[in-house]
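Dear colleague,

I am passing on the structure below for you to look over, and I have set out underneath what was found in it. Please read the notes beside the coordinates, as they are arranged by region.

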Amino acid sequence: MGCSAAGAALLTVAFLLSIMLSDAIRNPIRLPSDRNEGLRVESGGGGGDTVGTRWAVLIAGSSGFYNYRHQFDDMLLPSFLFASTQADICHAYQIMKNGGLKDENIIVFMYDDIAHNKDNPRPGVIINHPKGGDVYSGVPKDYVGEDVNVNNFFAVLLGNKTALNGGSGKVVDSGPDDHIFVFYSDHGGPGILGMPTYPYLYSDELVDVLKKKHALGSYKSLVFYLEACESGSIFEGLLPEDINIYATTASNAYESSWGTYCPGDRSRPPPEFYTCLGDLYSVSWMEDSDIHNLQTETLKQQYRLVKTRTSVNETYKSGSHVMQFGDLELNVENLFVYLGSNPANANATFIEDNSLYFHNDAVNQRDADLVYFWHKVGASRLPDLMVNAEYERAPLGSSQKLGAHKELLDVMAHRLHVDASVELIGNLLFGSERGSEMLKMVRPSGQALVDDWSCLRLMVRTFEMHCGSLSQYGMKHMRSLANICNAGISVEGMAKVSAQACNSIPTNPWSSLHRGFSA
Ligand SMILES: *[C@@H]1O[C@H](CO)[C@@H](O)[C@H](O)[C@H]1NC(C)=O
Ligand SMILES: *[C@@H]1O[C@H](CO)[C@@H](O)[C@H](O)[C@H]1NC(C)=O
Ligand SMILES: *[C@@H]1O[C@H](CO)[C@@H](O)[C@H](O)[C@H]1NC(C)=O
């Protein structure tokens with residue numbers, strides 16, 4: 001994988017150049033580096049509208065338990081827990097880099113609290129596969145920490161430097177011939193994507209920004225790969241088919257996506273790791289891109305292969321439904337148009353039959369934290385899973401163990417509180433017979449989660465005013481709040497029942513209001 005890129009690159013410079021030259025004739029799409037080097041190449045290539053630059057925006061929407069760490073610095077903190085999304089993003093960077101994209105055209109958002117985390121058994125290194133090498137090396141730190149936020153993500157996509165707040169200042173300064181690839185890996189919920197900072201990102205806002213980018217005339221086509229729980233809900237019924245955008249998502253609108261290379265898997269991380277190393281959809285497209293010649297493999301071929309692997313050979317046992325949205329005609333294009341291609345794979349032919357490993361022990365992303373805490377307190381009911389030597393070794397009754405125990409109780413209390421509050425609100429609004437059914441209702445495919453997104457925002461606010469923050473776990477209840485809007489309940493009505501359901505906001509850190517609204 002990626003990290004040995006430097007050596008490989010030296011050896012293949014001559015080869016790369018020859019590929020680029022011959023390719024300029026065969027294929028109208030150029031490597032970004034052509035732009036500076038080559039009028040020579042351009043005149044060889046002919047047509048004026050065929051010149052384009054490849055851009056990539058890579059974003060990990062999760063940090064460790066940011067808010068928790070922020071408030072309780074002295075406790076044992078699970079910031080290594082959501083390592084997988086940052087590992088995914090680093091791996092994606094290596095693919096872009098090997099594909100020939102330049103750093104100036106790759107914009108990376110990640111909280112960056114993993115590589116040098118005290119819980120990382122390999123300091124300064126991030127791996128995305130049990131036997132994989134370092135994928136962290138060389139990754140540009142464009143937007144890290146607090147700078148990973150919705151405002152900056154939109155400013156970067158739109159190429160609007162004045163709207164930026166912090167960060168490297170790099171934006172997608174693209175023109176009408178350019179191709180843009182966006183990869184977002186995160187823990188989400190219906191209609192919403194997480195960020196390491198509040199507020200989270202609503203689907204309608206994201207799609208509005210994509211439409212705006214299209215209206216600016218600043219791309220030829222854009223491909224969006226999205227890993228998150230319920231990620232289908234981000235584009236379903238929202239993404240137009242006529243703005244040259246093709247998107248695939250890890251799951252449909254109403255199911256979890258899955259972590260992989262988890263402790264306890266058949267293909268598990270080295271024993272010193274107690275967290276998943278990647279996410280199933282993400283590693284599926286990336287491991288495919290690592291080995292194939294992307295000049296000949298199409299988006300559609302990759303979609304099929306990733307769909308098969310992510311569905312665990314269509315059993316959907318610990319797997320999800322990979323979906324595609326937007327302008328499906330774009331999927332006949334070669335991946336090369338967006339990702340470039342690693343010259344070392346020039347002779348690799350695409351094989352239809354799926355030789356990639358099937359996982360069937362993946363961990364539901366949403367439960368990863370519970371499993372983690374369970375083991376942190378030294379419980380042994382889940383042998384092999386999420387075992388961290390450091391915590392395991394902590395003596396019984398030590399402050400470490402006690403701290404871990406309190407964390408587990410806090411996490412469980414938050415979950416119970418959020419689940420029970422939403423359920424009670426449903427019963428109060430729709431009666432105990434229909435409450436649960438009304439909240440869980442899934443709209444027919446092709447229809448967006450909610451018709452009135454500003455209503456959804458108001459419902460989230462109203463809930464959080466009375467019941468405390470939904471936070472990352474509570475995102476799973478976005479559908480219930482959307483259904484409350486779809487049923488025509490007024491904000492006043494919602495406020496009334498929320499006040500009844502939650503007469504106080506619990507004090508545990510997961511449900512605190514210290515950081516304001518989560519969405
Ligand atoms: C860029 O962002 C600034 C600040 O938010 C805004 O005033 C301006 O209209 C934006 N420019 C464009 C071209 O969208
Ligand atoms: C996947 O499923 C197909 C059809 O059910 C089956 O023929 C094939 O052997 C399976 N592949 C693996 C690797 O399990
Ligand atoms: C691809 O195959 C050609 C012809 O056999 C060979 O000369 C070249 O070195 C191979 N390239 C790579 C990257 O393996």
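Two strands are taken to pair if DSSP finds at least two bridges between them. By that rule β4 and strand β5 (residues 192-193) are a pair, since two bridges join them and they run antiparallel. Within this pairing, Gly 188 stands opposite Leu 193 in β5. The pair belongs to an open sheet of three strands, in the order β4-β5-β6, with antiparallel pairing. β4 and β6 (201-202) stand at its edges with a single partner strand each, so one side of each is left without a neighbour in the sheet.

Before going further, please keep in mind that this is a predicted model. The mean pLDDT of the protein is 80, and 74% of its residues reach 70 or more. Over residues 1-50, however, the pLDDT is below 50, although this stretch has 60 contacts in the model beyond near neighbours in sequence. Residues 65-80 likewise stay under 50 in pLDDT, and for them the model has 33 contacts beyond four places in sequence.

As for the overall make-up, the protein comes to 19 helices and 12 strands, and buried residues make up 52% of its 519 residues. Of the contacts with a separation of 6 or more, 74% are between residues 24 or more positions apart.

The annotated site

Which residues does the UniProt annotation "active site" cover? In the record, which is an unreviewed entry, the annotation covers His 187 and Cys 229. The two span 43 residues in sequence, yet their C-alpha atoms are no more than 5.9 Å apart, so they gather at one spot. His 187 lies in the loop between β3 (179-185) and β4 (188-189), while Cys 229 is found in the loop between β7 (221-227) and α9 (232-235). Is His 187 buried or exposed? His 187 is buried, because 26 other C-beta atoms lie within 10 Å, where 20 or more are enough for a residue to count as buried. Cys 229 is buried as well, with 26 other C-beta atoms within 10 Å.

The strand before Cys 229

β7, which precedes the loop that holds Cys 229, has seven of its seven residues buried, so it is largely enclosed by the rest of the structure. In a regular strand the side chains alternate between the two faces of the sheet. In β7, Ser 221, Val 223, Tyr 225 and Glu 227 point one way, whereas Leu 222, Phe 224 and Leu 226 point the other way, and all are buried. β7 runs parallel to β3, to which seven bridges join it, and Glu 227 in β7 is the bridge partner of Ser 185. β7 also pairs in the parallel sense with strand β8 (residues 245-249), over five bridges, and here Phe 224 stands opposite Ala 247 in β8.

Helices α16 and α18

Phe 463 has its place in helix α16 (residues 453-467), and it counts as buried because it has 28 C-beta neighbours inside 10 Å. Leaving aside residues up to four places away in sequence, Phe 463 touches Leu 470, Leu 481 and Ser 498. Phe 463 and Phe 517 are 54 residues apart in sequence, and their C-alpha atoms are 9.8 Å apart in space. In the loop between α16 and α17 (471-474) sits Ser 469, which is buried, with 26 other C-beta atoms within 10 Å. Ser 469 and Ser 518 are 49 residues apart in sequence but 6.2 Å apart in space, C-alpha to C-alpha.

Leu 481, one of the residues that Phe 463 touches, is also among the buried residues of α18. Helix α18 (residues 478-486) is mostly covered, in that eight of its nine residues are buried, including Met 478, Arg 479, Asn 483 and Cys 485. After α18 comes Gly 488, whose phi is positive, near 80 degrees.

The ligand

What surrounds ligand 1? The surrounding residues are Leu 158, Asn 160, Thr 162 and Ala 163, and this shell divides into two nonpolar, two polar and no charged residues.

With kind regards

How values were computed. Residues numbered from 1 in each chain as written. Chains lettered and ligands numbered in written order. Near = placed C-beta within 6 Å. Nonpolar A, V, L, I, M, F, W, Y, C, P; charged D, E, K, R; others polar. UniProt positions renumbered as here; feature names shortened; annotations may be inferred. Helix = DSSP H or I, 4+ residues; strand = E, 2+ residues; numbered from the N terminus. Buried ≥ 20, exposed ≤ 12 C-beta atoms within 10 Å, placed from the backbone. Contact = placed C-beta atoms within 7 Å. pLDDT = per-residue confidence, 0-100.
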